[in-house]
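Please look over the sequence and the structure shown here before reading on. The report that comes after them is meant for someone meeting this structure anew.

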Protein chains: 2
Amino acid sequence: MIIDCHGHYTTAPAAHTRWREEQLAAVGEGRPAPAYPLIGDDEIVESIESNQLRLARERGIDLTVFSPRASAMGHHEGGLEASVAWSRACNDLVARVAGLFPDAFVPACQLPQAAGEPLDAAIAELRRCVETMGFVALNLDPDPSGGHWTSPPLTDPHWFGLYEAMCELDVPAMVHVSASDNPAFHATGAHYLNADTTAFMQLLQGDLFARFPTLRLVIPHGGGAVPYHWGRYRGLADMLGQPPLETHLMRNVFFDTCVYHQPGIDLLLSVVDVDNVLFGSEMVGAVRGIDPRTGHHFDDTRRYVEASALDEAGRRQVFEENVRRVYPRLGAP
Amino acid sequence: MIIDCHGHYTTAPAAHTRWREEQLAAVGEGRPAPAYPLIGDDEIVESIESNQLRLARERGIDLTVFSPRASAMGHHEGGLEASVAWSRACNDLVARVAGLFPDAFVPACQLPQAAGEPLDAAIAELRRCVETMGFVALNLDPDPSGGHWTSPPLTDPHWFGLYEAMCELDVPAMVHVSASDNPAFHATGAHYLNADTTAFMQLLQGDLFARFPTLRLVIPHGGGAVPYHWGRYRGLADMLGQPPLETHLMRNVFFDTCVYHQPGIDLLLSVVDVDNVLFGSEMVGAVRGIDPRTGHHFDDTRRYVEASALDEAGRRQVFEENVRRVYPRLGAP
């Protein structure tokens, strides 16, 4: 069985996306947002069957942890109150996807966040999603400012209430930023990878998992720059007087396989213990084209894992067992 | 012959570093900075012979392009006027190193920069260094705010005057940030690599080398996250309607070998054309310890290049020929 831990609803019905635009316009003008539109099941089915489900079937992916479109979380836009309403709408929509395709999609939530705001609303939305709608994970934005990086590091007590809820609910977070509000950073070409790298280094500098030994964080996009610079991080841990990465971080930190070429996946699997690698593709996401060198989609990451040096047991770990271990609410096979 | 394109004077005499502290204190209090201290040649000789030169001899590195300590450029501190005086002091000091060890070190300059300020002072300092002191290159800070990323992308006309001077003088720039003023970013563990990744993506989005076909930019630390995600960048170029990376960027963009483990160097050399890889170590820099797995310094990058799959001709390119081509003021062998 193959479980993709990193899918987003990037093809949501136009009415959903349009409502967000109308909501932000309303916030800007100080008036109430319009009512959220009625969206028929048929529209949802069509948007999924012709995109993610079609590709998942073609690629032999059985189950996808499916969350709202990351770039549309837009935590830098509209303030916390708007983010609460938008997050509920987005999470309700992915819950409907999971309800319509219960064998293919399991929902993960986005959180209402805004730079400088406390996390009470985020915790409440997480509880609503997990306790009442069967969500199995969340996306945590370490930079709700959208590229200005005004929030404290992930090791700061600012985040602890959320971590407590995560531990209690036994759900992992994927550390995933949203769109870039900073012209210096292209979203998927710089901001995403920078955030992955930044998060890992914040964790390396701190001692978060001594306080939260069961907390689990998935750093997407193959861990940003980290595996490529694994020697740098091992050396920095040493210079900073921290324990080795294996004991300091790698019981709690996991990387997905959203690395879109064979040499990258080979590097990831050669430097990071197989226990810490979870299959992911982020398909119909950042890079949607076909690689002219292979004739296959860049984001068809199953091919790279299959062609890697992993043995059968290792592939089973990456494709299924590790994902189930990190996302226990997926249940047993 | 082996030329290291990435060395910094990280062991400058204490009086030099102390003067910077005094200068910033004076700026803060609105009084003139004290006079720059007298520093004897013996102090400089000692600081080099016991550190960079000793290690270079042990490792068989013949020549190093040597610039002021990157993390101490501190473009976010003190304003432009202080940066002018500090940059002159730093550049004069590396010029003295090169004068004392002309067979081992060739100078590259830091620039006086400050966020929101024009580049006239930077261009004047570049001209002073190259035209009157024999410098062969410069370090260009794409984020003089120190991690707030308030400057326009490297493709913006803001930078064009500097590029014109670089082309006229035929000197390359290493795109290198300084210390982080943002608690989200550890300097060498996040900010450096993020800047490398960010710079590459800015260049990918733009069309800078159509306007400056002879401009050459070296992206250090193995290109940040870029080679590890080479498939993502090839795919993004396609999605953004840009030409392939090879023709769009790789006639003008080069990566050094500051990647501190064998799998990272192997990946770099397997995905990036050998023409675009320049030997660098940044020794006595970000990661100074010894890797317990190898018994050698993490930053002893010659070993990784030697142990890679490169043939003899490829090694000659990386170790010497490419560096001379990108830094023509080094002269012929």
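What follows describes the contact between the chains, then the salt bridges, and then the cavities. The model is a predicted one.

**The contact between the chains**

Chain A and chain B each bring 56 residues to the contact, and between them the two chains bury about 4,500 Å², of which 58% is on carbon and sulfur atoms. Within chain B, the residues that lose the most area to chain A are Tyr228(B), Arg232(B) and Arg234(B), which together make up 19% of what that side buries. Between chain B and chain A there are 22 residue pairs in polar contact, counting pairs in which both residues are at pLDDT 80 or more.

On the side of chain B that touches chain A, the elements giving two or more residues are helix 7 (187-205), helix 9 (230-239) and helix 11 (262-271) of chain B. Helix 7 of chain B gives the most to that side, with 10 residues. When the residues of this side of chain B are divided by character, 26 are nonpolar, 22 are polar and 8 are charged.

**Salt bridges**

Over all chains, a search of the whole structure finds 38 salt bridges, and the count between chain B and chain A is 4. Two salt bridges are set out in the table below.

| Side chains | N to O distance |
|---|---|
| Asp291(A) and Arg234(B) | 2.8 Å |
| Asp41(A) and Arg96(A) | 2.7 Å |

The salt bridge of Asp41(A) and Arg96(A) lies within chain A. This pair links distant parts of the chain, since Asp41(A) belongs to helix 2 (residues 41-49) of chain A and Arg96(A) to helix 4 (residues 79-100) of chain A, with the two 55 residues apart.

**Cavities**

How many cavities of 30 Å³ or more does the structure hold? There are 4 of them, and the largest cavity contains about 50 Å³ of space. Its lining consists of Cys5(B), His6(B), Gly7(B), Val65(B), Ser67(B), Ala108(B), Ala137(B), Leu138(B), Asn139(B), Met174(B) and Tyr327(B). The elements that give two or more residues to this lining are strand 1 (3-9), strand 2 (63-68) and strand 4 (137-140) of chain B. Sorted by character, the residues lining the largest cavity comprise 7 nonpolar and 4 polar ones, with no charged residue among them.

Notes:
Residues are numbered from 1 along each chain as its sequence is written. Chains are lettered from A and ligands numbered from 1 in the order in which they are written. This is a predicted model: local features need pLDDT of at least 70, side-chain atom pairs count only at pLDDT 80 or more; totals for chains, interfaces and linings use all residues. Side-chain values use heavy atoms; hydrogens and water are left out. On a 1 Å grid over the protein atoms alone, a cavity is a set of points where a 1.4 Å probe fits but cannot get out, and a pocket is an open set with protein on both sides within 12 Å along at least five of seven lines; lining residues have an atom within 4 Å of a point. Grid points are joined across faces, edges and corners, and a volume is the space filled by probe spheres set on the points. Helices (H or I, at least four residues) and strands (E, at least two) are DSSP runs, numbered from the N terminus. Ala, Val, Leu, Ile, Met, Phe, Trp, Tyr, Cys and Pro count as nonpolar, Asp, Glu, Lys and Arg as charged, and the others, Gly among them, as polar. Contact means heavy atoms within 4.5 Å. Buried area is the accessible area (1.4 Å probe) that two parts lose on being put together, summed over both. A polar contact is a pair of N or O atoms within 3.5 Å; within protein, one must be able to donate a hydrogen and the other to accept it, and residues adjacent in sequence count only if both atoms are side-chain atoms.
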